[in-house]
Amino acid sequence: MGGVAVDDGAPGVKAPDGGWGWAVLAGCFVITGFSYAFPKAVSVFFKELIREFGVGYSDTAWISSILLAMLYGTGPICSVLVNRFGCRPVMMVGGLFASLGMILASFSTSIIHIYLTTGVITGSIVFFTFPVE
């Protein structure tokens with residue numbers, strides 16, 4: 001009557017993903033942190049940007065506004081590219097161009113340059129790091 005279920009499986013069970021699951025999780029965590037936190041973190045630099053470029057608070061607030069508008073506005077383009085080329089190439093190219101936009105922003109000499117590099121270039125490409133499948 002009442003038997004006991006015994007697990008006779010081997011003690012060293014192998015991960016079905018070859019052990020790369022934690023590396024993928026760490027990578028996703030970093031991507032999400034950079035992609036979602038960056039638009040919000042721009043506000044940390046508002047006072048410095050106001051002082052550096054001699055503009056008002058509302059002019060500086062346009063940086064994150066443009067960035068977020070481009071971030072969410074490029075979703076359909078990302079979806080088309082993922083369907084055509086796959087997730088990996090789209091994410092890799094997106095990461096490269098987002099980095100390029102941030103690097104170019106460090107050489108900006110006016111607030112308009114920040115709008116273009118951080119807002120338009122980085123904002124439109126960062127969404128490619130969140131491919132939709």
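**View 1. Glu48 and Arg51 join their side chains in a salt bridge, 2.4 Å from N to O.** This close-up comes from a predicted model, and the pair shown here is the one salt bridge that the structure holds. Both partners belong to helix H2, which covers residues 46–53. Three residues separate Glu48 from Arg51, or about one turn of the helix. Side chains of opposite charge can pair when their charged atoms come close. Look at the accessibility of each partner, too: Glu48 is partly exposed because its relative accessibility is 41%, which falls between the 20% and 50% limits. Arg51 has a relative accessible area of 57%, so Arg51 counts as exposed.

**View 2. Phe38 sits in helix H1 and touches residues from elsewhere in the chain.** Helix H1 runs over residues 21–41. Once neighbours within four places in sequence are set aside, the contacts of Phe38 are Gly33, Leu67, Met102, Thr118 and Thr122. For a sense of distance, try the C-alpha atoms of Phe38 and Gly123: they are 9.7 Å apart, although these positions lie 85 residues apart along the chain. With a relative accessibility of 25%, Phe38 counts as partly exposed.

**View 3. Val93, Phe97, Leu100 and Leu104 form a nonpolar patch on the surface.** The patch measures about 320 Å². One of its members, Phe97, is part of helix H5, residues 87–105. Phe97 has 41% relative accessibility, so this residue is classed as partly exposed.

**View 4. Two of the spans that UniProt lists as "transmembrane region" are shown from end to end.** The unreviewed entry gives residues 20–39, 60–82, 88–107 and 114–132 under that name. In the model, residues 60–82 are 96% helix and 0% strand, with 33 Å between their end C-alpha atoms. For residues 88–107, the helix share is 90%, the strand share is again 0%, and the end C-alpha atoms lie 30 Å apart.

**View 5. Stepping back, the protein chain has six helices and zero strands.** Followed along the sequence, the pattern reads α-α-α-α-α-α. The chain has 133 residues, and 29% of them count as buried. Taking contacts between residues at least 6 apart in sequence, 76% link residues at least 24 apart. About 9200 Å² of the chain is exposed, with 71% of that area supplied by carbon and sulfur atoms.

Methods. Residues numbered from 1 in each chain as written. Predicted model: local features only at pLDDT ≥ 70, side-chain atom pairs only at ≥ 80, totals over all residues. Heavy atoms only, no water. Helix = DSSP H or I, 4+ residues; strand = E, 2+ residues; numbered from the N terminus. Buried < 20%, exposed > 50% of the residue type's maximum accessible area, 1.4 Å probe, protein only. Contact = heavy atoms within 4.5 Å. Patch = residues over 30% accessible without salt bridge, like charges linked within 9 Å, V, L, I, M, F, W, Y side chains within 5 Å. Areas by Shrake-Rupley, 256 points an atom, 1.4 Å probe, with all protein chains shown as cover. Salt bridge = Lys/Arg side-chain N within 4 Å of Asp/Glu carboxyl O. UniProt positions renumbered as here; feature names shortened; annotations may be inferred.
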